[in-house]
Amino acid sequence: MQTIFEKLDQQIVLNPEESQLIQSVQSICKNVIAPNAARFDETGEFPWENIHAINELGLNAMFVPEEYGGAPLSYTAYLYCVREISKACASTGIIWATNFHGMKPIIDFGTEDQKQKFLPRIAAGAIGSLAITEPHAGSDATGMRLSFTPDGDDIIIHGNKIFISNGDVADLYLLFGKWSEISGSKDAISALIFEKGTPGFSVVGLEKKMGHHAASTASISFDQCRVPRSNLLCNPGDGLKILLSSLNKSRPSVAAHALGIARAAFEDGVDYINERQQSGKKIIEFQGIQFQLADLASELYLCESLLWSLGTSVDHGAKDFIWWLWLLSGLSR
Ligand SMILES: Cc1cc2nc3c(=O)[nH]c(=O)nc-3n(C[C@H](O)[C@H](O)[C@H](O)COP(=O)(O)OP(=O)(O)OC[C@H]3O[C@@H](n4cnc5c(N)ncnc54)[C@H](O)[C@@H]3O)c2cc1C
């Protein structure tokens with residue numbers, strides 16, 4: 001059965017450089033990330049050892065154009081890396097994938113100065129975070145209340161965010177808030193880059209989750225934090241388009257993450273049913289187990305096929321791929 005998945009993997013469109021990188025990722029997954037996964041999940045400790053191994057490989061460089069110290073690769077290669085890392089450790093998968101979610105908008109919307117200031121740091125392994133959600137603003141992000149108040153050459157930030165992946169450890173945050181001089185729940189939304197170490201910032205708490213214990217999900221607070229106005233992305237009020245664009249490109253990696261976990265569970269299950277014996281037989285020989293296995297394999301194959309088809313389309317310039325995500329989320333229920 002696993003041969004089907006090996007064949008599917010072979011059909012993923014990658015160039016030789018990307019294939020070589022995937023092999024290096026698989027190697028650190030096997031030698032460092034997977035052996036650490038259970039320990040980090042039990043302790044809930046942030047998996048620095050895994051992040052250092054990822055950074056030694058220079059994996060963040062794939063997000064960043066060459067002129068800013070990066071080595072850009074395809075979106076498919078990014079999804080593949082997310083799936084591989086998540087197969088080995090679901091927490092480390094989220095942490096690494098989030099770097100891209102938070103930092104891609106700097107490439108898409110940043111000024112030349114912002115790119116020169118921040119992108120080399122990302123390429124070198126900075127941890128990124130995307131901060132949208134607030135206690136009163138979940139699915140409807142336009143309800144956010146965190147304020148950006150202009151003050152000469154600075155912006156004063158005041159408010160709170162919750163459920164922020166990497167929120168306690170990030171070096172750079174893509175932070176969304178409302179511009180104080182603009183009214184209207186959508187029109188006021190603005191985005192800026194917030195740097196670690198800015199006075200007034202604090203981590204209020206960490207969520208106790210049902211899983212992914214080593215991937216932190218933080219409540220963070222901004223108490224009159226002052227940042228230079230040059231950290232604002234685009235203009236005041238341009239935040240909603242940045243927000244929607246960053247979510248658009250980040251959601252397929254959530255699918256890659258989930259499919260990495262599913263694939264690992266499937267492979268472990270197949271190993272187990274080939275080893276476990278009852279009534280004098282390996283349990284894979286019971287037809288009831290074979291039916292379940294066939295159902296699981298079909299669903300997994302279908303979802304993975306959709307993911308790689310989506311990756312190829314994005315690499316060919318597709319901008320509108322929401323229907324793929326509906327299909328993926330419908331199938332994975
Ligand atoms: C592990 C984890 C990591 C996260 N990481 C980040 C992060 O890095 N950055 C960040 O900004 N946020 C993050 N979030 C927050 C996440 O984006 C929000 O949880 C999400 O937006 C949903 O908001 P909510 O939890 O307030 O749910 P609610 O919006 O309160 O929704 C509750 C329920 O109502 C349903 N619902 C809401 N609106 C509608 C509607 N219009 N029609 C039909 N049903 C509806 C929802 O589907 C859901 O079932 C994270 C959350 C989790 C759990």
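**Exercise 1. Work out whether Y173 is buried or exposed, and describe its ring partner.**

Step 1. Start with accessibility: Y173 has a relative accessible area of 1%, which makes Y173 buried. (Buried means under 20% relative accessible area, exposed over 50% and partly exposed in between, with a 1.4 Å probe and protein chains only.) This is a predicted model, in which local features need pLDDT of at least 70 and side-chain atom pairs count only at pLDDT 80 or more, while totals for chains, interfaces and linings use all residues. Residues are numbered from 1 along each chain as its sequence is written, and side-chain values use heavy atoms, leaving out hydrogens and water.

Step 2. Turn to F194, which is buried too, at 0% relative accessibility.

Step 3. Compare the two rings. The centres of Y173 and F194 are 5.9 Å apart and the planes meet at 70 degrees, so this pair is edge-to-face. (Rings of Phe, Tyr and Trp, the last by its six-membered ring, pair if their centres lie within 6.5 Å; planes under 30 degrees apart are stacked, over 60 edge-to-face, and the rest tilted.)

Step 4. Place the pair in the fold. Y173 belongs to strand β4 (residues 172-179) and F194 to strand β5 (residues 189-195), so the pair ties together parts 21 residues apart in sequence. (Helices, H or I with at least four residues, and strands, E with at least two, are DSSP runs numbered from the N terminus.)

**Exercise 2. Find how many aromatic pairs the whole structure has, and classify Y75 with Y78.**

Step 1. The search of the whole structure gives 16 aromatic pairs.

Step 2. One of them joins Y75 and Y78, at 5.8 Å centre to centre with 40 degrees between the planes, a tilted pair.

Step 3. Both residues sit in helix α4 (residues 75-88), three residues apart, and so are separated by about one helical turn. Y75 is buried at 7% relative accessible area, and Y78 is buried at 2%.

Step 4. Widen the view: Y75 and Y78 join F63, W96 and F100 in one aromatic cluster.

**Exercise 3. Decide which residues of helix α3 are buried, and what they pack against.**

Step 1. In α3 (residues 48-56), the buried residues are N50, I51, A53 and I54.

Step 2. Look down the axis of α3: the buried residues fall within an arc of 160 degrees, so they line one face of the helix. (The arc is that of the directions from the helix axis to the C-beta atoms.)

Step 3. That buried set packs against α2 (16-43), α4 and α5 (90-109). (Contact means heavy atoms within 4.5 Å.)

Step 4. After α3 comes G58, with a positive phi near 70 degrees.

**Exercise 4. Where do F163 and H212, each with a positive phi, lie?**

Step 1. Recall the background: most residues other than glycine have a negative phi.

Step 2. F163 has a phi near 60 degrees. F163 is part of strand β3 (residues 154-165) and is partly exposed at 47% relative accessibility.

Step 3. H212 has a phi near 50 degrees. H212 lies in the loop between β6 (201-206) and β7 (217-228), and is partly exposed at 27%.

**Exercise 5. How many disulfides are there, and what is the situation of C89?**

Step 1. The search of the whole structure finds zero disulfides. (A disulfide is a pair of cysteine sulfur atoms within 2.5 Å.)

Step 2. For C89, the nearest cysteine sulfur belongs to C29, 9.2 Å away. C89 is buried, with a relative accessible area of 5%.
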